[in-house]
Amino acid sequence: MSYLFTSESVSEGHPDKVADAISDAILDLMMREGNTAYRCACETLVTTNQVVLAGEYKGIYNHLEVENAVRRVIRDIGYEQDGFHWETVDIKNLMHGQSADIALGTDTFGAGDQGLMFGYATNKTPNYMPPTIYYSHKIVEALTKLRKEGARWLGPDAKSQVTLKFNDDHSLSHAAKIVCSTQHTEDTDIATVRANVENIIRTILPVELITSETEFLINPTGRFVIGGPDGDTGLTGRKIIVDTYGGSCPHGGGAFSGKDPTKVDRSAAYMARYLAKNIVASGKASYATVQLAYAIGVEQPMSVYVDSDGNNFELTTWITTNVDLTPRGIINRFDLFRPIYSSTTNYGHFGKPGLPWEELDLFND
């Protein structure tokens, strides 16, 4: 039986992503020395000309450097609006030292918290990501690239949503609906926005996916001039499905941005993706979901679970026998105490070349 499936993505100017970018930039400041004793869990709130930082840290924390990093992030995204401007935004820094009770677990490289993390991969796209999130990311990424190359009619804030129709055998049929809302300048009429954005989308999706049945909904509410944190509050960690697999597999609920790698919410999710991707890329399955579960302060995972169309028992046994799934083992494998986190903030934490958890080397070890 055929079916529809939908995923969404957001641009770097979406208020939640502005918050994520600030949190990851502060984390990168803490990680730049490569000191494994440093810790960071930064949460950010953004609204009209306000940035509020809260959370915990351990190590050298320079307040002026942090403020400069916040302004740099906002400037690089492109916000120079009356209601949100990198030069005039008010920054409240409420970060504090890490709790000694939490440090009891993380200082010994036990898991930084309890929780469950999922990784996923499929052979339906070149980067082993689900096709709906794959194309959703590409649309908003293309809009951002165009804006930064000089398309002044575009604003930083944008969202996309792709609904694909799948056949009985789970193969792709066509794009059923494509939704995109983008911030634009006040002097750009909506007809121009809709025509330009549809043309951009048509260059991104394969021609065979766009048919006479494909419906485009571009800025369906009409005007979208006020955007970003001036139009809506943004919070760190509120786009966890955009950050992962677009709803194609379960999610444990933990967010990534602003968290150092002792937080298994982040590092174990990267390991789960690594395992799933290597299972699929090696031809052992056409898709794979991997779950890892941890308890705070405990090194070994509580459980390891593989669901695929391969031999799940054999895969699980091989992983638990051959892969170090402790927080320290994950950190060492991917060299995670370094400032790489700002590169993960936008357009998903998975499917990007150059990230260590995207390497295809597991079954060569």
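## A buried arginine, a mixed sheet and its helices

Arg273 is found in helix 7, which covers residues 264-281. This is a predicted model, so take what follows as a reading of that prediction. Is Arg273 buried or exposed? With a relative accessibility of 0%, Arg273 counts as buried, because the cut-off for that label is under 20%. Leaving out residues up to four places away in sequence, Arg273 touches Gly119, Tyr120 and Ala121, then Asn127, Tyr128 and Met129, and also Tyr245, Phe350, Gly351, Trp357 and Glu358.

Now for the sheet. Four strands make up an open sheet in the order 6-3-2-11, and the pairing is mixed. Strand 6 and strand 11 (234-235) stand at the edges with a single partner strand each, so one side of each has no neighbour in the sheet. In the middle of that order, strand 2 and strand 3 run antiparallel and are joined by nine bridges. Across this pair, Leu45 stands opposite Val52 in strand 3. Helix 1 packs on the sheet and touches strand 2, strand 3 and strand 11; the direction of helix 1 makes about 150° with that of strand 2. Helix 2 packs on the sheet too, touching strand 3 and strand 6, and its direction makes about 130° with that of strand 6.

Helix 2 is worth a walk from end to end. At the N-terminal end, Asn62 acts as the cap: one of its side-chain oxygens lies 3.0 Å from the backbone nitrogen of Leu64. The helix itself runs over residues 63-77, and its 15 residues should span 21 Å at 1.5 Å a residue. The end C-alpha atoms are 22 Å apart, which agrees. After the helix comes Gly78, with a positive phi near 115°.

Which residues of helix 2 are buried? They are Val66, Ala69, Val70, Arg71, Val73, Ile74 and Ile77. As background, an α-helix has 3.6 residues a turn, so residues three or four places apart point the same way. The buried residues of helix 2 pack against helix 1 (15-31) and helix 4 (131-148), and against strand 3 (50-58), strand 5 (84-85), strand 6 (90-97) and strand 8 (154-166).

Two residues have a positive phi although neither is a glycine. Here they are side by side:

| Residue | Phi | Loop | Relative accessible area |
|---|---|---|---|
| Asn49 | about 50° | between strand 2 (39-47) and strand 3 | 18%, buried |
| His170 | about 75° | between strand 8 and strand 9 (172-184) | 45%, partly exposed |

So Asn49 is buried at 18%, whereas His170 is partly exposed at 45%. The loop that holds Asn49 lies between strand 2 and strand 3, and those strands are the antiparallel pair with nine bridges.

Last, the cysteines. How many disulfides are there? The count comes to zero, with the rule asking for two cysteine sulfur atoms within 2.5 Å. Why is Cys42 not bonded to Cys40? The closest cysteine sulfur to that of Cys42 is the one in Cys40, but it is 5.5 Å away, too far for a bond. Cys42 counts as buried, at 1% relative accessibility. Cys249 is buried as well, with a relative accessible area of 12%.

How values were computed: Residues are numbered from 1 along each chain as its sequence is written. This is a predicted model: local features need pLDDT of at least 70, side-chain atom pairs count only at pLDDT 80 or more; totals for chains, interfaces and linings use all residues. Side-chain values use heavy atoms; hydrogens and water are left out. Helices (H or I, at least four residues) and strands (E, at least two) are DSSP runs, numbered from the N terminus. The expected span of a helix is 1.5 Å times one less than its number of residues. Buried means under 20% relative accessible area, exposed over 50%, partly exposed in between (1.4 Å probe, protein chains only). Contact means heavy atoms within 4.5 Å. A polar contact is a pair of N or O atoms within 3.5 Å; within protein, one must be able to donate a hydrogen and the other to accept it, and residues adjacent in sequence count only if both atoms are side-chain atoms. Two strands pair if DSSP finds at least two bridges between them. Axes are lines fitted to C-alpha atoms, for helices over the stretch in contact, and angles run from 0 to 180 degrees between N-to-C directions.
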